[in-house]
Amino acid sequence: MKTIRLFRLELRRLLQSRLTWLAAGLTALSPALGLSLYKTADASTMLSMYLANPAIAGGAAGGILFGLLTIFELDRASRSRVDVLLDAAVSPLCMALQRLMALFAGAFFTLGLTMLLWLPVSWRLIGAVFGAADYLLAYLLLMGLALPLGILSSAAAYQFTRRADLSLILFAAFAALSLTVWADNWQLCWLNPCVWALSDDFSNFRIFRSVAYMRLTWLAALFGIWILSWLCIRQYGKGILGSLRRSARRACRPAAALLLLAVSGTAYAAQPFVDRSNLDETAMSFYEMPYAEGIVCTGRSAWVFPDVKAGSLSGRAAYEFQNTSGQDWEAAFGVTPGYAITKVQVNGEKVPFSVSDYQEYNEAMLRVSIPAGEQVELTMEYAGFPKENRMMSTMQGRAEISGAYLCLENAALSPRLLNVLPDENGYPAAVEITLPASMLVIPFGSSDARVTVEHEDGTRTWRYEENGTGGILYAGDYVREEIEADGFTIEFYYGRRHQAVMEAAGAADAVKAVVEYCTEHYGRLSFGSGGKLKLIQSRVSGGGYATDGASLLDEADFTAANLSNTDKGAGAGEVMIHELVHQWWGLGNMFDVPEPDSPWSAEGLTVYTTYRIAKELYGEAYAQEHYVDQWQQAVDDYYLNFYVRNPEYLEMLPEEKQLEITGSLTYVRQYCEMPLKILKAEALAGGEEAMDQILKGLFNREIDPMNPYLTYQDFLDACGLTKEDLSLA
Amino acid sequence: MKMELQDLCMTYPGGKQALQHLNLSLESPSLIGLLGPNGAGKSTLMKLLTAALLPTGGSILADGQPLIKTERQLKSRLGYLPQDFGLFDELTAAQFLDYMAALKGLRSPGKAVREVLKAVSLEEKAKSKIRTLSGGQRQRVGIAQALLGEPSFLVFDEPTVGLDPEERIHFRSLFSRMAQDRLVLLSTHIIEDVQAVCGRLIVLNQGRVLFSGTPEELIQAAAGHVGAFWEKDAAWEQGLHITARVNTSHGVRCRAVADRLPAYAREEEPSLEDAYLYLISRGAAL
């Protein structure tokens, strides 16, 4: 009772300090930094730009501000000599605890204030894809937990040193480590979590879990350190060691500190999010495994049960082998780190197995000893929380398993067979997966999933068949639209949360227009299968990929902000067209990484094609005004740009400013200068029809697998032109 | 309330012996004056009595229990005004006292705050920010916080510093009233303060008790050792300690203490100040 009274009292006193209000006010305003100066989440989803960045900036600034406030508050009592009065009334240990609690309360009050203040702003900026759960979790985890960490670390520094100046130096160094050296280590960046993207259209629980884990690990560590420093609070006129000896007489106190430090250390070492994959990207030992002689795989099955609440998965897989060697052999599988193999049986009998510590490309190797026998059925059970590749540790979130979205790739779906050849039918596979009824299952490929069982608990079991050792499966709260275009059936899947944006942008019309135009002018996409192609919007992943019968659209390309980017198209519908054209120029044909000052990239041909589609849809005058004139204006300005004319001055600027200017200039080169060059090439080559033939030839050219990129020289050669011919100067 | 000091020693980490083998018993109701020159060990003794320091030797018993084991109970019954203290400037006087009342665990802090503000005549400044108060008013807030909760053991270290003569008289009587049913320990350099109200004096010098008794006993002990003489007549013998020099129309009149007064000195009736100075000049217990 007295503790609560003391806490309320200390909090009231804290709230009467002007400095507290200054720290709270600045913290509440600090998310603005995330909109302008401090943008660590570089994905272009609305939630990355307008939620993650402000929350992370708010956390970094708030953590520092509350750390400074803590040092000031702790030092104030001794600086003003009021501590002699307080110590006569209550133990300094009790007082320090009350101050800590009051500072925590002040921090959470500030967090609440910040969330209220920024709610309407975020709502307006994020638009239709705003979600209350994302908002709450982002501010609590990305911002909120930074504040107690700042308080604990600075309080510990002060309680150890009892000097404000030294504490400030220690705290500044600790914060600086997080912002610099540790910035790319997802476990150490306590102030500025590694969040590169938040999904607008699907869920973000995986990345939120990862940040929460990092923050709780630090919270345990800093609480442990704080308790140690608390035991060092000077009492009875004694020094640091004398006070520690005195305060540590109650064994539970140092024991609590050591327990917390041990918990933190264990949590750090045994983190469940990122694997220990070999950092050498050229290592291919799993792919270069020799095949077992005389063995073929005649089929496989998987029964998969994701736990969408826990973000984990359990499953059972069965493999059928034919062994003509007459000998014992060893089967090898790639297993997603984080999954535990619980049971392995051969023809119903348990057999020994081992899982390697060595990991490569997000897989560990499971080895199973299989006795000689012509027909072998191998079954295994596995379960766990999938880990992500440590090479992508700063870009976590791909292995999302939630009620709104999941993507299971290869071994994450079921163990991937490494060393057995297929029979004449390939690796025929049947996969069954049980998910909440709200989720639509989309195999990434030509096969279709169908519901086989509707369960009473609100889940459904889906089944599909495919051929291969792995496979990718998407599932989520998707909207499915079927679009007929040029004799082709496009199955267009996008997140339900994005429905309003997609409809406003006329997504279905855009898909139809693009498919018809590009197929007619350039040819069919090579990954269309049986007259059908799935276009699947994926959770933000930093790019797309395609396979036979399916192609991926990164949600970041379809955000409301991107769809209003007039450099890509005159309106949202045309930006949608632009992004879809990338299926031909970008995914269907890959482009080499250009020189830093080269205008050549997938964007040039994509913008040009978008212009041609707009011209066909809306007329020449429209296309001239909204495309060609815009490019010309931007290019004219570009050639007049001071740094373009005097590049030597650019080099004199700070690196950050250089990058900003270079990025802006690169944008003009790729999105405006190159389309104008292509337009000039079109005129020199003999008009639109001639250019269409050239591009068709390039699109359908025979691709060298070792160098599959379409280069600027390829383009010039196909046009029969030189770089100089296309000079706009 | 009874505080017993048994063979109490305090040596600071630097090696300075602040208190040596003190044996005292302090019992309520009484108002005890603690006197001694700078560095005598008065503040150290007060810190030990308020559990701000731990003794390096001997022990302190509070009502028969070792102080270190009953620290929490002691603090709940303690009112302490240290010599050098500060206040939270951003709070008002009433808010600060309310804060201290809550720290002391008082059940009706509002009433207690009003009472102590009245006791130190600061009612009209109750809602003034502490940063706006004068030095004397801040001192009164300090005294007020010590009085909160009617503590049974009050320790005041130079409480009347910064107060004007009228206020000093007011506080002397306040301390005297307080001591009617409590144990009050008052450390001061102002002999006048203790002479007026203290029933018992403890004189410390160099960490040792030179005297413990009533003011009358101290004065009596100095009888025959205080004298006055004209400076021009003085031969400045060894052991003669001048306590006052007054310029008059006939020359400088000196007042002095000595074990044996010289012949040219006329014996005078000792005051408490004379007695205290005599004691200190001897450097040994009477």
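The following questions and answers concern the fold and one buried arginine of a predicted model. Residues are numbered from 1 along each chain as its sequence is written, and chains are lettered from A in the order in which they are written. Because the model is predicted, local features need pLDDT of at least 70 and side-chain atom pairs count only at pLDDT 80 or more, whereas totals for chains, interfaces and linings use all residues; side-chain values use heavy atoms, with hydrogens and water left out.

Q: What radius of gyration does chain A have, set against that of a compact globule?
A: The radius is taken over C-alpha atoms, and the globule rule is 2.2 Å times the number of residues to the power 0.38. For 729 residues the rule gives a value near 27 Å, with which chain A agrees, having 30 Å.

Q: What share of the residues of chain A count as buried?
A: Buried means under 20% relative accessible area, with a 1.4 Å probe and protein chains only. Of the 729 residues of chain A, the share that meets this is 55%.

Q: Is Arg206(A) buried or exposed?
A: Arg206(A) lies in helix α10, residues 205-231 (helices being DSSP runs of H or I, at least four residues, numbered from the N terminus). Because its relative accessibility is 2%, Arg206(A) counts as buried.

Q: Which glutamates does Arg206(A) touch, not counting residues up to four places away in sequence?
A: Contact means heavy atoms within 4.5 Å. The residues touched by Arg206(A) include Pro272(A), Phe273(A) and Phe385(A). Also among them are Glu388(A) and Glu400(A).

Key
Buried < 20%, exposed > 50% of the residue type's maximum accessible area, 1.4 Å probe, protein only. Helix = DSSP H or I, 4+ residues; strand = E, 2+ residues; numbered from the N terminus.
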